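Please walk through this model with the coordinates open. The text starts from a single side chain and moves outward to strands, disulfides and salt bridges.

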Amino acid sequence: MNTTRLRRFGLSAVLAAALGAGLAQPASAAPAPAMAIAADKASATPGSTVTLTMTFTNDQTTNTQFVYQSIQPTWNTSQDPGLKYTFKSCSGDAVQCDVSNQSGVVRYNVPVVPGASRTVKLTYQIAADSACGPSRRIELYSYLYYEYQGGQAKKDGIYPVGTDITCATTPSAAAAHK
């Protein structure tokens, strides 16, 4: 290969590399979801409590002026007469945080600036005589609605959360007499 061809090839390779580097997109993290819900335990026994932590994050580029959220049992949970629980408390960054029996309503403190979050904790107690065992699960879903851009735009969504209800185990008689 003569030197002219080598120079042309080298120049072409350098230009292609520079163009490729300039066009490559920087890696970016996925935006935080507008709602995150977590239970403090994956399974609980009759008589115990479960605390749900619900965090709203403003995923928009303008302030969020209104945020409403409800939480209620799924159809499966409401159709199981053996599952018994009652919401006991609601606290956090809210102007309204009400619970009654098996559902709740939250209106978060606003405005929520872009990227900021508000968190609310809901606690429910599983009745001591609640059904338990395989396939027994208290499942809840939360409906979230919020407005932004001066109230001109809105978004909503459904977010599930659940807890298995396991039966309390008692120590065997042999273990109790040791």
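Contact here means heavy atoms within 4.5 Å. The model is a predicted one. By that contact criterion, and leaving aside neighbours within four places in sequence, Gln 69 touches Met 35, Ile 37, Met 54, Gly 104, Val 105, Val 106, Tyr 108, Ser 142, Tyr 143 and Leu 144. Gln 69 belongs to strand E4. Is this residue, Gln 69, buried or exposed? Its relative accessible area is 0%, and because buried means under 20%, Gln 69 counts as buried. The side chain of Gln 69 also makes a polar contact, at 2.4 Å, with the side chain of Tyr 108.

Several of those contacts lead to strand E7, residues 103-108. E4, which spans residues 64-73, pairs with E7 in the antiparallel sense, over 4 bridges. Within this pairing, Gln 69 has Val 106 of E7 as its bridge partner. The side chains of E7 alternate along the strand. Gly 104, Val 106 and Tyr 108 point to one face and are buried. Ser 103, Val 105 and Arg 107 point to the other face and are not buried. Tyr 108, the polar partner of Gln 69, is thus on the buried face of E7 together with Val 106.

E7 has a second antiparallel pairing, with strand E6 (residues 94-100), over 6 bridges. Which residue of E7 is the bridge partner of Cys 97? It is Val 106, the residue that also serves as bridge partner of Gln 69. E6 and E7 form a hairpin with 2 residues between them. Asn 101, in the turn of that hairpin, has a positive phi of about 55 degrees.

Cys 97 leads on to the disulfides. How many does a search of the whole structure find? There are 2 disulfides, and with the bonded cysteines numbered in sequence order the pairing is 1-2, 3-4. One of them joins Cys 90 and Cys 97, with the sulfur atoms 1.5 Å apart. This link of Cys 90 and Cys 97 is left-handed, with -70 degrees about the S-S bond. Its two ends fall into separate accessibility classes: Cys 90 is buried at 17% relative accessibility, whereas Cys 97 is partly exposed at 21%.

The disulfide of Cys 132 and Cys 167 has its sulfur atoms 2.1 Å apart. With 100 degrees about the S-S bond, the link of Cys 132 and Cys 167 is right-handed. This pair links distant parts of the chain, 35 residues apart. Cys 132 is in the loop between strand E8 (117-126) and strand E9 (137-148), while Cys 167 is in the loop between strand E10 (153-165) and helix H3 (173-176). Cys 132 has a relative accessible area of 27% and is partly exposed; Cys 167, at 37%, is partly exposed.

The remaining topic is charge. Side chains of opposite charge can pair when their charged atoms come close. A search of the whole structure finds 5 salt bridges. Among them is that of Lys 155 and Asp 59, with 3.6 Å from N to O. Lys 155 lies in strand E10 and Asp 59 in the loop between strand E3 (49-57) and E4, so this salt bridge ties together parts that are 96 residues apart in sequence. Lys 155 is partly exposed at 35% relative accessible area, and Asp 59 is partly exposed at 30%.

Another salt bridge is formed by the side chains of Arg 136 and Asp 80, at 2.8 Å from N to O. Arg 136 is in the loop between E8 and E9, and Asp 80 is in the loop between helix H2 (75-78) and strand E5 (85-92), so the pair ties together parts 56 residues apart in sequence. Arg 136 is partly exposed, with a relative accessible area of 27%, whereas Asp 80 is buried at 16%.

Arg 137 also takes part in a salt bridge, with Glu 139, where the closest N and O atoms are 3.2 Å apart. Arg 137 is partly exposed at 30% relative accessibility, and Glu 139 is partly exposed at 26%. Together with Asp 164, Arg 137 and Glu 139 are linked in a network of salt bridges.

Technical notes. Residues are numbered from 1 along each chain as its sequence is written. This is a predicted model: local features need pLDDT of at least 70, side-chain atom pairs count only at pLDDT 80 or more; totals for chains, interfaces and linings use all residues. Side-chain values use heavy atoms; hydrogens and water are left out. Buried means under 20% relative accessible area, exposed over 50%, partly exposed in between (1.4 Å probe, protein chains only). Two strands pair if DSSP finds at least two bridges between them. A disulfide is a pair of cysteine sulfur atoms within 2.5 Å. A salt bridge is a side-chain nitrogen of Lys or Arg within 4 Å of a carboxyl oxygen of Asp or Glu. A polar contact is a pair of N or O atoms within 3.5 Å; within protein, one must be able to donate a hydrogen and the other to accept it, and residues adjacent in sequence count only if both atoms are side-chain atoms.
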